Every structure is written in C-alpha cells, then in structure tokens.
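Colleague: I would like to go through this model with you, one question at a time. Please give the reasoning before the result.

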Amino acid sequence: MNVIIAYLETMFSAYPQTARLQEAKAELQAMMEDAYTGLIAEGRAENEAVGQVIRDFGNLEEVAPVLGIASDISATHTDAAAFPPVTLEEAQGYANAKQRTRRRVSAALMLFALSPAILIVLPVAAESGLVPITDGIGTFIGLMALLVLAGVGLLLLLAASRETAPYKRIAEGRFSANPTVTRWAESLAEQYERGRTRALQTAIVLAVLAPIPTLAFALFLDDSTWVDFWTVIGVVFMLAVVAIGLGILLPRGWAHDVAEKLGHSAPGRGNRQR
Amino acid sequence: MVISADAIRGYVDLMVLSLLRSGPSYAYELAQRITAISGDDYAIKQTTLYSAVKRLESGGLVSSFPGVSPSGKPRTYYRTTDAGLAHFDLKVAEWRSTKSVVDRFIEGATP
C-alpha cells in the first residue's frame, strides 16, 4: 500500500497543492486503496495487487482538464526512442528476480573477496612454523581453496543470472523509459531506502576500520619476528571486513539499483538508425 | 475483443449516469460495476472514471455529497440530478442513432 501512496505522491508532486488537486489526490487514493484491498481479499500477492492497481490507474493527462492543470502535463509522451518502452510487467518481473537473487549475488561476491585468504595466510604460517607443513603444501592448499571458493561464487552468479535472463533487455538498457514504470520503481526504491542508507553507513564505518589491524601490527610489531605473520593476518582481516561490508550492503541495494536501471534507458543507442 | 479507451470515451458518461439512476454511489464502486458489467471487454481506468464523474459534476449532471464507508473512511458519494436524468435519455437516443448509422456501413446494405 505504501508503494501506491508514494506513487500518487510523485504523480501529484509536480503540481501546486491547490484544494482541488488535494481533493482529487485524496479521492484517487481512496479508489486505489479500495482496489488494493479488493485484490488482496481475492487472494492476490501484495506485489501483484500493487502492480494491478497502478496499471489500472491510468494517467494524469486524462484528469488534467477537470483539474485545470492541462497545460502543465502532456510533455511526457514525446520520448521517441527506437526501443519499445519497458512495461510494468517486465519491470516487476525484473525487480522480483533482483530481489530473489540478491543474497546469491552478495554471497558470490563475498566468496570472491575471501577466496585468496587461505593462500595468503597458510604459506606464511607454514614458514613461521605455526602449522606443520611446508610452504609448498601451504601454497597448494591455498590455491585449491581459492579455486573452490571462486568456483562456488561463479556457480552462484550463474544461477542468479539464469533468473534475470528473461529481463536481459532491461539489464542492458535496451528499452525506452516509461513514466509509469519510472514512478513505480522510484516508489519501490523509496520503500527500501532507509535500509539501504543504514547498510551504506555500516559499510562506510567498516571500510574505515578495516585497515586498523594491519596498521597497528606494522607499527607496534616492527622488531618482532612475527611481523610477517601478523601483517598477513591484518590483510586477511581486511578481506573479511570487505566481505562483511558487501554482505551487508548488496542485499539492501537491489531496489535502488532497479530504480536506477529503469530510470536510465539507453537514449544514445536508442537513436541508432536502421 | 477488448474495446479501446478512445472508442468508448464518449459513452463513459452514459454508463455512469445509468448506474447512478439506481441510487447514489462512489467512484470506486462505479468503476467496479462498470468493469463487472463489461466483463473482459472493457476495463475502465480509475482516472477515466474519476474525470468522467468530475466532468458530470461540473456540468451539474451529478451532485456529490460526503459520506462514510462501512469501515468509517470518509468517502464522496455521487447521485444524478434531474438534468443528469434528462442528459441520460439524450445520450441513449444519441447512441441508438450512432449505432444504427455505423451498423448500416458494417452491413454494407442500403437502407
């Protein structure tokens, strides 16, 4: 329901808040709320109900004459790109796929970030006698771990890309923007914006804290025989923090990314002549 | 066959007035009833219905009054005026002759 209210808000936000417009907004909102409640009662999923209500809404151009704002609207339909406009169904499918696959994608990137960790630590640990193996074996185990982690990450990305494959033209920007879809996507992004902002703040704090151990070990252990080992531990700690940061940020950024993608079609390529 | 919004635009007023003859109603219910009666042939956009109702109101063909929904929400109700009823009869007559003229071309027969 919040998406619907946000959608109406953005529709009307471009116009002066006259009493007549306020009244129209309130009545249209009541109509949309009723429609939404009706669809939910029919057993539709929330996402589906929201999409249906927005699809059935129509556009303000039609209401403009009765509201006396006719001259203000109507400039939005001149976007004549060669690519067909993105439809709300496509956009919703794309957003759903992005939402479904967000954990897989972030897990894959976390694995990529962590994949060299063992390769970095083990040979140094072996050299300093902490583990009873030779450097060679340490390097070999490290390489194996890197390949396995990167391989699992690739498999996860592949699985995710299979789900977003039907929406390839959106991912590649081969569509022209559709004002209804853009507004819907902005409302969606707004709904998830608070979580994204918080994740972004956490990730920034982590990024600032990440190099501290490495710096501390380098500065305080300068005469110790363990300096190599601890420096390496510091590097691995940094990798882990990067991975955690990705794990926090990526799953919360999908709605924002979807809105960015849907708002920016590729006009340059769209104008190509046949 | 789905009817285009352009084809039916001139007759949304007639539909609204027809529904309001049986008693006052509010915008969402009007849209629901139009969609239910039309089956899959025509789904009215909420903005189309809203502008039709407002146009009728400013023309004095329907009047509005504040009401409350069963769940307690404030809601604007509409009812036809006498002018609205007269306009309805006029629109019905107009539709009959429109239909008959168009039919003559479709049948391809001379009257």
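Colleague: What percentage of the 111 residues of chain B count as buried?

Modeller: Keep in mind that this is a predicted model. A residue is buried if its relative accessible area is under 20%. Of the 111 residues of chain B, the share that meets this is 40%.

Colleague: In what order do the helices and strands of chain B run from the N terminus?

Modeller: Chain B has five helices and three strands. Read from the N terminus, the order of these elements is α-α-β-α-α-β-β-α.

Colleague: Among contacts in chain B between residues at least 6 apart in sequence, what percentage join residues at least 24 apart?

Modeller: A contact here means heavy atoms within 4.5 Å. Taking contacts in chain B between residues at least 6 apart in sequence, the part that joins residues at least 24 apart is 49%.

Colleague: How many aromatic pairs does the structure hold, and is the pair of B:Y11 and B:W95 stacked or edge-to-face?

Modeller: Over all chains there are eight aromatic pairs. For B:Y11 and B:W95, the ring centres are 4.9 Å apart and the planes meet at 70°. Planes over 60 degrees apart count as edge-to-face. The pair of B:Y11 and B:W95 is therefore edge-to-face.

Colleague: How many residues apart are B:Y11 and B:W95 in the chain?

Modeller: B:Y11 is in the loop between α1 (5-8) and α2 (12-20) of chain B. B:W95 is in helix α5 (residues 82-107) of chain B, so the pair links distant parts of the chain, and the separation is 84 residues.

Colleague: Is B:W95 buried or partly exposed?

Modeller: Its partner B:Y11 has a relative accessible area of 15% and is buried. B:W95 has a relative accessibility of 39%. Buried requires under 20% and exposed requires over 50%, so B:W95 counts as partly exposed.

Colleague: Why is the pair of B:Y26 and B:Y77 edge-to-face?

Modeller: The ring centres of B:Y26 and B:Y77 are 5.4 Å apart. Both B:Y26 and B:Y77 are buried. B:Y26 lies in strand β1 (residues 25-26) and B:Y77 in strand β3 (residues 74-80) of chain B, so the pair ties together parts 51 residues apart in sequence. The pair is edge-to-face because the planes are at 75°.

Colleague: Which residue has its charged end over the ring of B:Y11?

Modeller: B:Y26 has a charge over its face as well: B:R75 lies 3.8 Å from that ring centre. For B:Y11, the distance from the ring centre is 5.1 Å, and the residue is B:K91.

Colleague: Which helix gives the largest share of the lining of the largest cavity?

Modeller: The largest cavity has a volume of about 30 Å³. Its lining consists of A:F12, A:Y15, A:P16, A:Q17, A:L21, A:Q22 and A:K25. By class these are four nonpolar, two polar and one charged. The largest share, three residues, comes from helix α2 (residues 19-41) of chain A.

Colleague: Which element gives the most to the lining of the second largest pocket?

Modeller: The second largest pocket has a volume of about 310 Å³. Of its 14 lining residues, those closest to the centre are A:L39, A:D56, B:Y28, B:Q32 and B:T35. α2 of chain A and α3 (27-38) of chain B each supply at least two residues of the lining. With four residues, the element that gives the most is α3(B).

How values were computed: Residues numbered from 1 in each chain as written. Chains lettered and ligands numbered in written order. Predicted model: local features only at pLDDT ≥ 70, side-chain atom pairs only at ≥ 80, totals over all residues. Heavy atoms only, no water. Phe/Tyr/Trp six-rings, centres within 6.5 Å; stacked < 30°, edge-to-face > 60°. Buried < 20%, exposed > 50% of the residue type's maximum accessible area, 1.4 Å probe, protein only. Lys NZ or Arg CZ within 6 Å of the ring centre and 35° of its normal. 1 Å grid on protein atoms, 1.4 Å probe; cavity = no way out; pocket = protein on both sides within 12 Å on 5 of 7 lines; lining within 4 Å. Points joined across faces, edges and corners; volume = space filled by probe spheres on them. Nonpolar A, V, L, I, M, F, W, Y, C, P; charged D, E, K, R; others polar.
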